[in-house]
Amino acid sequence: VGAIDTASEADFVLRTAGYAPTCDEEKGPDYTVREVPGGFELRFTNNCDKNREIHTVLVTNDGSVTETKTEPVPPRQASPCWQAGRRPAGFERGRPPMASAKTVEERERGAYFASMAELEAAAVIAFRALYKELVSLGAPAALLARTRDAIHDEIRHTRATRALARRDGAEPAKPVVAKASTSRSVLDIALENAREGCVRETYAALVAWHQATHAEDRRVRAAMHRIADEETSHAALSWDIAEWLDGLLTESERADVRAMRAAALIELEQEIRSPLDAALTRTVGLPTPEVAAWMLGTAANALGIAV
Ligand SMILES: [Fe+2]
Ligand SMILES: [Fe+2]
């Protein structure tokens with residue numbers, strides 16, 4: 001091996017020393033390399049953040065490899081996209097999206113849509129699981145057909161938001177869902193539907209309508225218009241599923257479901273309080289925290305979700 005005098009040679013030496021600065025085929029989200037006196041300094045999340053450490057490694061021009069720093073991956077920021085809808089049981093947010101944006105605005109917008117695409121992809125998984133459970137409970141054909149439609153809607157939402165993310169050089173993470181080991185009780189299914197459907201998808205539909213009318217970016221308005229329309233039908237579906245599941249529950253279980261709706265409302269009230277970047281809010285048409293609180297409160301009143 002001759003002298004190590006380029007970043008890609010340093011990267012190669014790093015890998016031969018047993019480090020794994022990659023996610024799939026791409027470099028990890030925190031990967032940076034810079035030339036320093038006598039070699040290259042590479043900073044990266046080893047093994048794509050599975051071991052939750054960021055390594056700083058010096059590769060010298062003569063090929064020696066020294067780790068100069070190991071630090072824990074900082075805690076993930078709260079999702080900038082709390083409104084994308086239904087999440088499956090066991091959902092964990094994946095790694096941050098890979099971004100190659102040129103400006104701060106593009107990076108923020110790309111990250112926003114990448115995060116949204118991840119949640120839309122999670123909604124596909126959630127509806128698939130729900131569909132199987134409804135089949136096994138013997139749900140009416142009409143509810144099953146609407147749930148199947150919702151799966152296809154969420155697949156389209158994933159594609160649409162992923163395209164918006166990629167426009168700004170951001171690549172959405174694949175949703176990570178821990179495998180459920182046992183089949184769930186009717187109550188478990190109803191509780192999840194209360195939180196993820198009756199509360200979160202209902203609110204997601206309202207936010208999507210806000211975006212469809214207020215986004216400064218025309219492509220965002222167009223995409224959100226379709227999403228808003230379909231999220232509205234998912235909200236209605238959630239309430240109809242809730243009504244059908246109610247018939248399988250005892251009186252005290254039904255009270256648990258009502259309590260879950262109230263708890264989910266409180267959780268969502270907390271989430272919408274933190275303001276997002278003002279420029280991002282305008283381009284993608286999100287409500288301000290004040291408007292968001294008003295929308296959520298009005299919807300909760302209309303739907304009789306008592307806190
Ligand atoms: Fe969706
Ligand atoms: Fe949805």
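A residue is called buried here when its relative accessible area is under 20%, exposed when over 50%, and partly exposed in between, using a 1.4 Å probe and protein chains only. By that yardstick Glu154 is buried, and Glu231 is too. The model is predicted, so to speak of local features a pLDDT of at least 70 is needed, and side-chain atom pairs count only at pLDDT 80 or more, while totals for chains, interfaces and linings use all residues. Residues are numbered from 1 along each chain as its sequence is written, chains are lettered from A and ligands numbered from 1 in the order in which they are written, and side-chain values use heavy atoms, with hydrogens and water left out.

Now to the metals. Donors are N, O and S atoms within 2.8 Å of the metal (3.2 Å for Na, K and Ca), and sites may look incomplete because water is not among the atoms. For the iron ion (ligand 1), the donors are Glu120 (OE), Glu154 (OE), His157 (ND1) and Glu231 (OE), at 1.9 to 2.2 Å. Their spacing along the chain reads E-x33-E-x2-H-x73-E. The four donor atoms subtend angles of 86 to 151° at the iron ion (ligand 1), which makes the arrangement irregular. To count as tetrahedral, four donors need all angles between 85 and 135 degrees; four count as square planar and six as octahedral if opposite donors are over 155 degrees apart and all others between 65 and 115, and anything else is irregular. Glu154 also bridges the iron ion (ligand 1) and the iron ion (ligand 2), which sit 3.5 Å apart. Distant parts of the chain are linked here: Glu120 belongs to helix α2 (residues 104-137) and Glu231 to helix α5, 111 residues apart. Both Glu120 and Glu231 are buried.

The iron ion (ligand 2) takes its protein donors from Glu154 (OE), Glu201 (OE), Glu231 (OE), Glu231 (OE) and His234 (ND1), lying 2.0 to 2.7 Å away. Along the chain these donors follow the spacing E-x46-E-x29-E-x2-H. Again the pair joins distant stretches, with Glu154 in helix α3 and Glu231 in helix α5, 77 residues apart.

On to the helices, which are DSSP runs (H or I, at least four residues; strands are E, at least two) numbered from the N terminus. Axes are lines fitted to C-alpha atoms, for helices over the stretch in contact, and angles run from 0 to 180 degrees between N-to-C directions. Helix α3 (residues 141-167) packs on helix α5 (residues 218-246) at about 150°, with axes 10 Å apart. That makes α3 roughly antiparallel to α5 (under 35 degrees is roughly parallel, over 145 roughly antiparallel, 65 to 115 roughly perpendicular and the rest oblique). The contact of α3 with α5 has eleven nonpolar, five polar and ten charged residues, where Ala, Val, Leu, Ile, Met, Phe, Trp, Tyr, Cys and Pro count as nonpolar, Asp, Glu, Lys and Arg as charged, and the others, Gly among them, as polar.

Helix α4 (residues 186-214) packs on α5 at about 155°, with the axes 7 Å apart. That makes α4 roughly antiparallel to α5, and their contact divides into 16 nonpolar, nine polar and four charged residues. The axes of α2 and α3 come within 8 Å and cross at roughly 165°. Phe113 is found in helix α2, and at 0% relative accessibility it counts as buried.
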